[in-house]
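Student: I have a model open and would like to understand the labels attached to it. Could we go through them one by one?
Tutor: Gladly; let's set each value against its cut-off.

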Amino acid sequence: MSFDDFLNHRCNIYHPVKKDVDFGYGIKSEPAEERLKMPDLEDVPCHFYVNSSPKIVQKEPYPAVEGEAKLALPYGVDIRENDFVKSRGLIYRAGIPKAVHGNHHIVVTIKREEGIKGAI
């Protein structure tokens, strides 16, 4: 069994872009990070660790999916801190990527947040 067999999931990676927010009436905010519609990296082989999956939390007015997970990627994938990772319809934010076993692969902690935090 090779490492490629371990990468049994697929994800898209989006590098955030800064965008000025204009509320009108001359009111502007600091640039906010958002993801574009097209991913920077598409259909990337990856593996979501089974023992760390998102959980459903009861919120008002509806339940939300939150939590942290670990993601393994092939070495050399361009993933950066605060990138957006999308898989199976859920969007996560990436932590600091770490090379493992002498540049064998990359492991990154990803976090899922709903509501206002998830919209940023």
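Student: How many disulfides does this predicted model have?
Tutor: The count is zero disulfides.

Student: What makes C11 fall outside a disulfide?
Tutor: The nearest cysteine sulfur to that of C11 belongs to C46, 3.5 Å away. A disulfide needs two cysteine sulfur atoms within 2.5 Å, so this pair does not qualify. Seen from the other side, C46 is in no disulfide either, as its nearest cysteine sulfur is that of C11, at 3.5 Å.

Student: Are C11 and C46 buried or exposed?
Tutor: Buried means under 20% relative accessible area. C11 has 1%, so C11 counts as buried. C46 has 0%, so C46 counts as buried too.

Student: Let's turn to salt bridges. How many are there?
Tutor: The structure holds five salt bridges. One of them joins the side chains of D43 and R10.

Student: How do you know that D43 and R10 form a salt bridge?
Tutor: The N to O distance for D43 and R10 is 3.9 Å. The cut-off is 4 Å between a side-chain nitrogen of Lys or Arg and a carboxyl oxygen of Asp or Glu, so the pair counts.

Student: Why is this pair said to link distant parts of the chain?
Tutor: D43 is in strand β6 (residues 41–48) and R10 is in strand β1 (residues 9–14), with their positions 33 residues apart in the numbering, that is, 33 residues apart.

Student: Why are D43 and R10 called partly exposed?
Tutor: Partly exposed is the range between the 20% limit for buried and the 50% limit for exposed. D43 has 46% relative accessibility, so D43 falls in that range. R10, at 45%, counts as partly exposed as well.

Student: What makes K19 and E34 a salt bridge?
Tutor: Their side chains meet at 4.0 Å, N to O, and the criterion is within 4 Å. This pair also links distant parts of the chain: K19 is in strand β2 (residues 17–19) and E34 is in strand β5 (residues 32–34), 15 residues apart. K19 is partly exposed because its relative accessible area is 45%, and E34 is partly exposed because its value is 32%.

Student: How do you know that R80 and D78 form a salt bridge?
Tutor: The closest N and O atoms of R80 and D78 are 2.8 Å apart, so they meet the 4 Å criterion. R80 has a relative accessible area of 42%, so R80 is partly exposed; D78, at 34%, is partly exposed too. Elsewhere, salt bridges that share partners join K18, E33 and R93 into one network.

Student: R93 brings me to the strands. What is the bridge partner of R93 in β12?
Tutor: The partner of R93 is K111. Strand β10 and strand β12 (residues 105–112) pair in the antiparallel sense over two bridges, and at least two are needed, so they count as paired.

Student: How do you know that β9 and β10 pair?
Tutor: Strand β9 (residues 84–87) and strand β10 (residues 90–94) have four bridges in the antiparallel sense, so the requirement of at least two is met. Among the partners are S87 and, in β10, L90. The two strands form a hairpin with two residues between them, and R88 in the turn has a positive phi of about 50°.

Student: Last one: why is F23 called exposed?
Tutor: Exposed means over 50% relative accessible area. F23 has 54%, so F23 counts as exposed. F23 lies in strand β3 (residues 22–24), and together with Y25 and I27 makes a nonpolar surface patch of about 450 Å².

Methods: Residues are numbered from 1 along each chain as its sequence is written. This is a predicted model: local features need pLDDT of at least 70, side-chain atom pairs count only at pLDDT 80 or more; totals for chains, interfaces and linings use all residues. Side-chain values use heavy atoms; hydrogens and water are left out. Buried means under 20% relative accessible area, exposed over 50%, partly exposed in between (1.4 Å probe, protein chains only). Patches are made of residues with over 30% relative accessible area and no salt bridge: like charges are joined within 9 Å, nonpolar side chains (Val, Leu, Ile, Met, Phe, Trp, Tyr) within 5 Å. Accessible areas come from the Shrake-Rupley method with a 1.4 Å probe; for residues, only the protein chains shown count as cover.
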